[in-house]
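Work through the following exercises with the coordinates open. Each task is followed by its solution in steps.

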Amino acid sequence: MAFLTFRGGVHPYDGKELSKEKPVRELLPGKELIYPLSQHIGAPAKPIVAKGDHVLAGQKIAEMGGFVSANIHASVSGTVKEIKKVRNNVGAMVDAIVVENDEKYETVGFQKADSLEALSKEEILERIKEGGVVGMGGAGFPTHVKLAPKEPEKIEYVLVNGAECEPYLTSDYRRMLEQPEWIIGGLKCILKLFDNAKGYICIEDNKPDCIAKISEMVKNEPKIEVQTLKTKYPQGAERCLIYAVSGREINSSMLPADAGCVVDNIDTVCAIYRAVMAGEPVMDRIVTVTGEAVADPCNLKAKTGTSFAELLEAAGGLKQPAKKIISGGPMMGFAMFDYHVPVVKTSSAMLCMTEDDISEKEPTACINCGRCVNACPARLVPSRLATYSEHGQAELFEKHHGMECVECGCCSFACPAKRPLTQSMRSMRKMVMANRRKPK
Amino acid sequence: MSELLHVSSSPHVRSKVDTSSIMLTVIIALLPAALFGIYNFGPHALLLILVTIATCVATEAVYEKIVHKKLTVKDYSAVVTGLLLALNLPPKAPWWIAVIGGVFAILVVKQLFGGLGQNFMNPALAARCFLLISFTGRMTDFTVPGGAWGNIVDTVSGATPLAAMKSGETVDLLSLFIGNIQGTIGETSALAILIGAAILLLRGIIDFRIPVAYLLTFSVFALIFGGHGLDFYYLLCQLCGGGLMLGAWFMATDYVTSPITSKGRIVYGICLGIFTGLFRIFGGSAEGVSYAIIFCNLMVPLIERFTMPAAFGKGGKKA
């Protein structure tokens, strides 16, 4: 059988066997939980609690600060200790609410929905918005905005992204094995919003157990289908996934909705299910703690606000010194210089590497081999674009479609001269975007 | 934490393939042709190979030392250049020709233009052409030196099979394929070269597009303009004879001097086929392949310019 795929991509060492077989364990947090007000793309949330307030688990502690924004909820019961600036997992200083855990885990009363049929489209969206659901695959785009395109009747494909193409990550894998009913339930909630859409749960062929399990569960669902994807990085990148399943191409100036598609990650769909049906906001997520340096790699159900340091402790700590600790996977994750930072809605993994491939080899001259061109899913010529970036030639960079780069990292991975191609393009893209925002 | 954590922008992992591993694979892939050359032509061929490689590496090291550049001999690219140049020398060439060729290839063609990745012509081929022009007699003397180990088929005047064919003699196709014939050290055995080519293809070092487009175009050209009609014996002799196999698989595929785009590689291969056909069938010189390749090297920037791929979502079908 020919599996669905895209052109380009690479095959990095996947490292998933480290944590793949470890069922999800629940991790109870320590005394202090930190909730950054910016866990999503868009305006930071505004705090609605003050120092000294008592809060319950599931209570909204910060509300949307704009149209593209998301609510934030406490994940434990306790007292608001302070609101201060903290460092987040990508190294920036952000405002955050600090809650002292009273370890009683008292929750607010969640408003369960009787049945999906009883809910209107507006009610579904309202529940998703209220629950603070954002894209939990890493981007953190507020889901209620994504699910409210201008012309909902034009949406034909609802894609549940279970590719999990990023090496080492197994949180979506465990989710698919352990809570497939949440995924299907969440997908049904989304499908209710789009009358003309069909749902596709897209899984890479390296997870045959998930494919078999979910296929069996949806065999009587006329509007839901499982799609098998070829295992290749970055199969789960939004544009690659849309192309693989629907054959449609979108570029940087388009939204998936322009191609009649909506893409949501596995954990996001689960969060949608819980927000819509159980009325529970996003309070936890599955984090894979893994890497060669970790004593006991595992998948943890961690409450948002828990420190990464506690995750590492729960995984038995480091068995050998880590050179690099990454929030997320090795291809697109962020290297942290300090791991005393809180788990947020988009934290999918903590990866502790014993080797740092990047600092080991100095970049050498480009030999024009074309490996970056073959690897680029956006069909660019990264070696040239990186040179334009290094020379500060923004015009040439844009002319040769540099802004179509999705920063997936394939070119840097493939480059035999070890040139920092993705990195150069990333800085140029930032510069171009900053210039575009400047008032003319 | 006793040690500071490293931070850098993603991605954090890299493929194991690097420039030196690629060059080493090319060297390994060239070994069958080199060993056959030594077997065919004797110890002098071995001497020439060693002298050329040593000259290339030494030239690179000395130049980089003098101009205070980072030493790059460890990437083995100079070894590849040296080996390729040696395989393009006639078996009886004097050692000093090898030295001059090596210095020219590395110093003039490669380093003066900025070193690895900057040369616009294949250094080994440019050096061969330079030697051909400067020492035409010695560079076209294909008689076999004394001490040959192989049972090489010695035609009358030490003519290469292609020259023999042009003057109307018949050549033995099997000898042409196996390579116990006259020619430069590394070009005679199509078999040895194809073994090397298979290594390069299987290890993903070269793109099949260039050699396949090259050989197909040349075949079509030879069948149409060769004056032999649909004569496959003639065609196979043309394919196995001369430097075509070595050129198509090892020199036309040189990364630095071939286009980076997939479409460009096909165009480049087609250009090579046409020019090789022109030079071989209508031209007077025996080194059609070498001239065709360095000529097409010059067209690479132009080819790349017109074959830039359309970005994803920009050129293809839209929803």
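A nonpolar core is a set of buried Ala, Val, Leu, Ile, Met, Phe, Trp, Tyr and Cys residues joined through C-beta atoms within 7 Å. The model used here is predicted.

**Exercise 1.** Find the largest nonpolar core and the helix that gives the most to it.

Solution. Step 1: the largest core holds 113 residues. Step 2: the residues with the most contacts inside this core are A:Val158, A:Leu159, A:Ile201, A:Cys202, A:Leu241 and A:Ile272. Step 3: helix H7 of chain A (residues 266-278) gives the most, namely nine residues. Step 4: a separate second core has 84 residues, including B:Ile22 and B:Tyr214.

**Exercise 2.** Determine whether A:Cys410 is buried or exposed, and what this residue contacts.

Solution. Step 1: A:Cys410 lies in helix H13 (residues 410-414) of chain A. Step 2: the cut-off for a buried residue is 20 or more other C-beta atoms within 10 Å. Step 3: A:Cys410 has 30 C-beta neighbours inside 10 Å and therefore counts as buried. Step 4: leaving aside neighbours within four places in sequence, its contacts include A:Gly8, A:Tyr233 and A:Ala375. Step 5: the C-alpha atoms of A:Cys410 and A:Ala375 are 5.8 Å apart, with a sequence separation of 35 residues.

**Exercise 3.** Compare the radius of gyration of chain A with that of a compact globule.

Solution. Step 1: for 440 residues, the compact globule would have a radius near 22 Å. Step 2: chain A has 21 Å, which agrees. Step 3: as further description, the C-alpha trace of chain A spans about 65 × 55 × 50 Å along its principal axes, and 58% of the 440 residues are buried.

Conventions. Residues numbered from 1 in each chain as written. Chains lettered and ligands numbered in written order. Predicted model: local features only at pLDDT ≥ 70, side-chain atom pairs only at ≥ 80, totals over all residues. Rg over C-alpha atoms; globule rule 2.2 N^0.38 Å. Buried ≥ 20, exposed ≤ 12 C-beta atoms within 10 Å, placed from the backbone. Helix = DSSP H or I, 4+ residues; strand = E, 2+ residues; numbered from the N terminus. Contact = placed C-beta atoms within 7 Å.
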